[in-house]
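Me: I want to go through this structure by question and answer. Please keep the replies short and show the reasoning.

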Amino acid sequence: FGSSLVQAEKLFPAPGVMEPGEYDALVMKARSSSTAALELLQFMRTHKIHQPELVLQHGAKLVRSQRLGNELWTVLEQVFMAAAELGCDDWRDYCLNELKKNFPSSLRVDRLKGIEKESQADWKEAEKIYQKILSTKPEDTMAHKRLIAMHKQSGKVSEAIEAINTYLQTFSTDSEVWHELGELFIEV
């Protein structure tokens with residue numbers, strides 16, 4: 001049974017699974033091909049690979065090329081997140097402005113505005129943005145999680161614990177957040 005399972009996996013690999021070295025080869029190909037750069041960014045999103053420098057390098061190149069079609073918005077958001085984390089304010093602001101122009105009433109873009117404020121250490125304004133989102137859409141898990149992350153980043157552990165408890169009243173099966181709560185209690 002075990003050997004037939006291995007044979008089946010070779011014949012029908014799981015979607016998105018790469019052989020050893022394939023990711024590195026894709027990174028190398030992305031340097032000279034827009035198509036490969038786009039594939040790399042898609043792969044990184046799908047598999048939650050966290051390399052903001054790589055995202056900024058290839059994403060900025062793709063955005064400048066203006067040949068992304070419908071992928072433009074996804075790439076702009078991905079580059080925005082990388083730029084906000086790395087402190088590349090020009091790219092952060094450019095991506096956010098483009099997204100705001102095209103999606104002026106989007107909750108997703110509102111969350112990005114909150115992340116922008118976090119990257120500027122403007123905690124009060126970020127909190128206002130997230131609270132506004134939650135007042136209109138209390139089930140928005142991402143806004144809840146951004147509030148928690150923001151409290152942690154700003155060193156407000158008790159507020160983070162309070163935000164987690166509020167979140168868990170509605171989303172009690174989120175094991176990731178339960179784990180985070182345990183980690184915070186260990187810190188205290």
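Reply: Start with the accessibility terms: buried means under 20% relative accessible area, exposed means over 50%, and partly exposed lies in between. Trp73 has a relative accessible area of 26%, so Trp73 is partly exposed. Note that this is a predicted model.

Me: How many helices and strands does the protein chain have?
Reply: Read along the sequence, the pattern is α-α-α-α-α-α-α-α-α-α-α. No β element appears in that pattern. The count is 11 helices and 0 strands.

Me: What percentage of the 188 residues of the protein chain count as buried?
Reply: The cut-off for buried is under 20% relative accessible area. Applied to the 188 residues of the protein chain, it gives 36%.

Me: Among contacts between residues at least 6 apart in sequence, what percentage join residues at least 24 apart?
Reply: The base set is the contacts in the protein chain between residues at least 6 apart. Within that set, the share joining residues at least 24 apart is 46%.

Me: Which residue forms an aromatic pair with Trp73?
Reply: The structure holds 4 aromatic pairs. In one of them, the Trp73 ring has its partner at 5.3 Å centre to centre, with 90° between the planes. Planes over 60 degrees apart count as edge-to-face, so this pair is edge-to-face. The partner is Phe103.

Me: Where in the chain do Trp73 and Phe103 lie?
Reply: The pair links distant parts of the chain, 30 residues apart. Phe103 is partly exposed, at 32% relative accessible area. Trp73 lies in helix 5 (residues 72–86), and Phe103 in the loop between helix 6 and helix 7.

Me: How many salt bridges does a search of the whole structure find?
Reply: Side chains of opposite charge can pair when their charged atoms come close. The cut-off here is a nitrogen-to-oxygen distance within 4 Å. Arg92 and Asp93 meet it at 2.9 Å. The whole structure gives 11.

Me: Which residues are linked with Arg92 in a network of salt bridges?
Reply: Arg92 is buried, with a relative accessible area of 3%. Asp93, its salt-bridge partner, is partly exposed at 27%. The network linked with Arg92 holds Asp89 and Asp93.

Me: Why are Glu98 and Lys101 separated by about one helical turn?
Reply: Glu98 and Lys101 form a salt bridge, with the closest N and O atoms 2.9 Å apart. Glu98 counts as buried at 18% relative accessibility, whereas Lys101 is exposed at 59%. The separation is about one helical turn because the two are 3 residues apart in helix 6 (residues 89–102).

Me: Which residue forms a salt bridge with Glu118?
Reply: Glu118 is buried, with a relative accessible area of 6%. The closest N and O atoms of the bridge are 2.7 Å apart. The partner is Arg146. This pair links distant parts of the chain, 28 residues apart: Glu118 in helix 7 (residues 107–119) and, in helix 9 (residues 141–153), Arg146.

Me: At what angle do helix 3 and helix 4 pack?
Reply: The two are helix 3 (residues 34–46) and helix 4 (residues 52–65), with axes 10 Å apart. The angle between them makes helix 3 oblique to helix 4. It is about 135°.

Me: Is the crossing of helix 3 and helix 4 left-handed or right-handed?
Reply: Helix 3 contributes Ser34, Ala37, Leu38, Leu40, Leu41 and Met44 to the contact. Helix 4 contributes Leu54, Val55, His58, Gly59 and Leu62. The crossing is left-handed.

Me: What is the phi of Lys48?
Reply: Most residues other than glycine have a negative phi. Lys48 departs from that sign, with a positive phi. Lys48 lies in the loop between helix 3 and helix 4 and counts as exposed at 72% relative accessibility. Its phi is about 50°.

Me: Where is Ala121 found?
Reply: Ala121 has a positive phi, near 60°, in a residue other than glycine. Ala121 is partly exposed, with a relative accessible area of 45%. Its place is the loop between helix 7 and helix 8 (123–136).

Me: Which residues does His151 touch, not counting residues up to four places away in sequence?
Reply: His151 lies in helix 9. His151 counts as buried, at 6% relative accessibility. Its contacts are Glu127, Lys156, Glu159, Ala160 and Ala163.

Definitions and conventions. Residues are numbered from 1 along each chain as its sequence is written. This is a predicted model: local features need pLDDT of at least 70, side-chain atom pairs count only at pLDDT 80 or more; totals for chains, interfaces and linings use all residues. Side-chain values use heavy atoms; hydrogens and water are left out. A salt bridge is a side-chain nitrogen of Lys or Arg within 4 Å of a carboxyl oxygen of Asp or Glu. Buried means under 20% relative accessible area, exposed over 50%, partly exposed in between (1.4 Å probe, protein chains only). Helices (H or I, at least four residues) and strands (E, at least two) are DSSP runs, numbered from the N terminus. Rings of Phe, Tyr and Trp (its six-membered ring) pair if their centres lie within 6.5 Å; planes under 30 degrees apart count as stacked, over 60 as edge-to-face and the rest as tilted. Axes are lines fitted to C-alpha atoms, for helices over the stretch in contact, and angles run from 0 to 180 degrees between N-to-C directions. Angles under 35 degrees count as roughly parallel, over 145 as roughly antiparallel, 65 to 115 as roughly perpendicular and the rest as oblique. A crossing is left-handed if the near helix is turned anticlockwise from the far one by less than a right angle, and right-handed if clockwise. Contact means heavy atoms within 4.5 Å.
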